[in-house]
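Trainee: Could you take me through one part of this model closely? I would like to see how the buried residues there fit with the loops around them.

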Amino acid sequence: MTVDEPHQPCPLTRRRRRWAGVAWAAAVVATIGTQFLAQARWDGPEPYSLARFNISDLGNVTCRSVGSPSRDVCSPWHLATNVGFVAFGVLTIAGIVLLTPLWRRSWSGGAAAVLLALSGIGSALVGLAPSD
């Protein structure tokens, strides 16, 4: 496209844009919501703290002592956290797929889509393979 040519609008339907937004909003709600649930059900001598514990501790399947100095990690609602991580990944990728025409407009859009997809895949893998 040259400077004199009119800008072509992105061929995205309103429905696809809306569903992509819903997917991404649901991804955030799923991952943060499940983390809050797991934090509320944390079982240990001290309450869960985002400042002192890793978020992945919420997804640990077994109760155990970790680190030096040792701290107890026990997350009875680990399944909720891990499902939230997988949901975040799947819904992130769903939003990318729904917005495919947007990503194809430039090389930077394509690069952004690839990087976002890698983020979604990484999150899903965290949920499928907890740190313990």
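Mentor: Helices and strands here are DSSP runs, numbered from the N terminus, with at least four residues for a helix and at least two for a strand. Keep in mind that the model is predicted.

Start with Asp-57. It lies in the loop between α1 and β1. Its relative accessible area is 4%. Buried means under 20%, so Asp-57 counts as buried. Leaving out residues up to four places away in sequence, Asp-57 touches Trp-42, Arg-71, Val-73 and Ser-75.

Two of those names, Trp-42 and Val-73, lead into the largest nonpolar core. That core has 7 residues: Ala-38, Trp-42, Tyr-48, Phe-53, Leu-58, Val-66 and Val-73. In soluble globular proteins, nonpolar side chains tend to be buried together.

Now take Trp-42 itself. With residues up to four places away in sequence left out, its contacts include the core members Tyr-48, Phe-53, Leu-58 and Val-73. Trp-42 also touches Pro-47 and Asp-57. Its other contacts are Asp-72, Cys-74, Ser-75 and Pro-76. Ser-75 is thus named twice: Trp-42 touches it, and Asp-57 touches it.

Cys-74 brings in the disulfide. The count for the model is 1. Cys-63 and Cys-74 form it, with their sulfur atoms 1.8 Å apart. The pair links distant parts of the chain, 11 residues apart. Cys-63 sits in the loop between α1 (14-40) and β1 (64-66). Cys-74 sits in the loop between β2 (71-73) and α2 (78-98). Cys-74 counts as buried because its relative accessibility is 10%, under the 20% cut-off.

So which loop holds both Asp-57 and one end of the disulfide? The loop between α1 and β1: Asp-57 lies there, and so does Cys-63.

Charge comes next. The structure holds 1 salt bridge. Glu-46 forms it with Arg-52, and the closest N and O atoms are 2.0 Å apart. Glu-46 is not buried. At 28% relative accessibility, Glu-46 is partly exposed, because that value falls between the 20% and 50% limits.

One last point sets this region in context. A second, separate core has 6 residues, among them Leu-12, Ala-20, Trp-103 and Ala-113.

To recap the part you asked about: Asp-57 is buried and touches Trp-42, Trp-42 belongs to the largest nonpolar core, and Trp-42 touches Cys-74, the disulfide partner of Cys-63.

How values were computed:
Residues numbered from 1 in each chain as written. Predicted model: local features only at pLDDT ≥ 70, side-chain atom pairs only at ≥ 80, totals over all residues. Heavy atoms only, no water. Core = buried A, V, L, I, M, F, W, Y, C linked by side-chain atoms within 4.5 Å. Buried < 20%, exposed > 50% of the residue type's maximum accessible area, 1.4 Å probe, protein only. Contact = heavy atoms within 4.5 Å. Disulfide = S-S within 2.5 Å. Salt bridge = Lys/Arg side-chain N within 4 Å of Asp/Glu carboxyl O.
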